[in-house]
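Q: Please take a close look at one part with me, the pocket, and walk me through what surrounds it. I'd like one connected story rather than a list.

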Amino acid sequence: MSMWRWFHKFGSPKWFFDIASRLIPWLLGTGLVLLLTGLVWGLAFAPQDYLQGNSYRIIFIHVPSAFLAQSVYLMMASAAVVTLVWKMKLADVFVQTMAPVGALLTFLALFTGAVWGKPTWGTWWVWDARLTSMLILLFLYCGVIVLGRAIADEKSSARAVAVLVLVGVVNIPIIKYSVDWWNTLHQPATFTLTKRPSMPVEMWAPLLLSVVGLYLLFGWLTCVRMQTGILVREHRTSWVRALVRSQGV
Amino acid sequence: MHPVRKKRLTIILFLVAGLGLAVGLATYAFRQNINLFYDPSQIASGEAPHDVRIRAGGMVEDGSVSRDEDSLLVRFRVTDFSSSVAMEYEGILPDLFAEGQGIVAMGRLRADGTFVADQVLAKHDENYMPPEVHEAIQRAEAKKAAAATTSSAGY
């Protein structure tokens with residue numbers, strides 16, 4: 001029972017707004033430190049690859065953004081379930097404010113992959129299952145953004161977007177397993193939960209730092225963007241008016 | 001949980017599962033078209049069509065690469081360790097092209113079974129290591145091979 005009470009409390013915009021204010025400096029600080037350490041270490045100090053030389057270093061940007069691009073979609077899908085079942089406004093605020101961030105991360109993964117693919121594979125782009133399913137993810141993010149903005153009524157917009165997000169969630173396992181199910185040009189995963197990474201520690205340690213750093217920065221961005229979203233949607237409530245008056249905005 | 005919410009949740013779960021099943025079956029039906037390339041075994045068993053632009057991929061066989069003296073023509077064999085297919089390519093190969101390296105070639109299968117490629121892409125694997133580690137592994141392998149030949153020469 002207490003879990004449900006906590007869950008419903010979490011759905012209260014005011015409660016989330018206050019928690020987010022407290023989390024923001026911590027997420028930003030640790031996220032920046034970890035990401036910058038990981039990137040400097042990976043881009044400047046990690047050893048070269050025996051086959052690709054320095055061009056492999058793009059993984060320190062490519063892998064974190066590709067990981068997060070898929071995680072963000074899964075988070076949005078969970079929020080979409082909350083929107084449809086519990087009708088919580090906050091879940092829809094998350095989906096609609098964070099979809100552009102997911103789109104940006106997907107674009108970054110596709111772009112860095114193309115830059116790496118040209119010297120390594122010999123082509124910018126190939127229609128293999130991994131690259132194509134990742135492009136579909138970018139289109140899904142764009143669809144969510146456009147659909148959310150196209151419907152003026154808050155409730156119908158939330159419902160429509162949630163359904164689209166849930167329909168698109170089938171693409172996530174396809175992205176993940178495309179390299180195992182089909183012949184693709186993209187290589188299979190270097191990191192799995194069951195095996196040791198096919199990469200020495202002096203390469204994967206900076207990569208891990210960048211991944212964790214980027215997740216924390218995403219958490220920071222979530223707090224900031226959702227706070228803005230809450231202020232916009234709740235501008236008629238007394239607590240937002242009181243807040244605005246006390247801040248003198 | 002409130003019964004109405006429970007009902008909504010069940011409907012959503014059913015819809016997502018049904019959708020997943022539908023997409024799963026569709027991709028299963030299209031699996032050959034989703035594969036980026038044919039492997040040498042599929043070509044050997046006649047699965048790959050002749051005189052149609054297709055992709056073929058596999059490992060470049062050790063010791064099979066021969067370059068033409070006065071043109072950019074390269075001949076090599078591509079294997080998946082059970083069958084192999086002869087390939088011809090005229091042009092500049094990607095940096096990663098080497099014997100023992102995975103490649104994906106685009107081109108046509110000639111009637112004599114040779115694959116004439118007009119584009120060769122290098123496939124990178126999931127392994128990364130510093131050059132020193134790679135050298136150490138190669139030294140160890142050479143040592144092992146040398147030990148094997150000397151012990152067999154003793155017989």
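A: Quick bit of vocabulary: helices here are DSSP runs of at least four residues, numbered from the N terminus, and H3(A) is one of these. Keep in mind that this model is predicted.

Okay, the pocket. The largest pocket has a volume of about 960 Å³, and 36 residues line it. Lying nearest its centre are Ala66(A), Phe67(A), Gln70(A), Arg130(A) and Ala189(A). Who supplies the lining? In chain A, helices H3 (59-86), H4 (89-120), H5 (129-150), H7 (171-181) and H8 (201-233) each give at least two residues. H3(A) has the largest share, with eight residues. Sort the lining by class and you get 26 nonpolar, eight polar and two charged residues.

Now over to the largest nonpolar core, which has 58 residues. H3(A) turns up again here, giving the most to this core with 14 residues. Tyr73(A), Met76(A) and Val165(A) are among the residues with the most contacts inside the core. Val165(A) touches both Tyr73(A) and Met76(A), along with Ala77(A), Ala80(A), Val95(A) and Val144(A), if you skip residues up to four places away in sequence.

Let's finish on H5, another helix of chain A that helps line the pocket. Leu135(A) sits in this helix. Its relative accessible area is 17%, and buried means under 20%, so Leu135(A) counts as buried. Leaving out neighbours within four places in sequence, Leu135(A) is in contact with Leu110(A), Trp125(A) and Trp127(A).

Conventions. Residues are numbered from 1 along each chain as its sequence is written. Chains are lettered from A and ligands numbered from 1 in the order in which they are written. This is a predicted model: local features need pLDDT of at least 70, side-chain atom pairs count only at pLDDT 80 or more; totals for chains, interfaces and linings use all residues. Side-chain values use heavy atoms; hydrogens and water are left out. On a 1 Å grid over the protein atoms alone, a cavity is a set of points where a 1.4 Å probe fits but cannot get out, and a pocket is an open set with protein on both sides within 12 Å along at least five of seven lines; lining residues have an atom within 4 Å of a point. Grid points are joined across faces, edges and corners, and a volume is the space filled by probe spheres set on the points. Ala, Val, Leu, Ile, Met, Phe, Trp, Tyr, Cys and Pro count as nonpolar, Asp, Glu, Lys and Arg as charged, and the others, Gly among them, as polar. A nonpolar core is a set of buried Ala, Val, Leu, Ile, Met, Phe, Trp, Tyr and Cys residues joined through side-chain atoms within 4.5 Å. Buried means under 20% relative accessible area, exposed over 50%, partly exposed in between (1.4 Å probe, protein chains only). Contact means heavy atoms within 4.5 Å.
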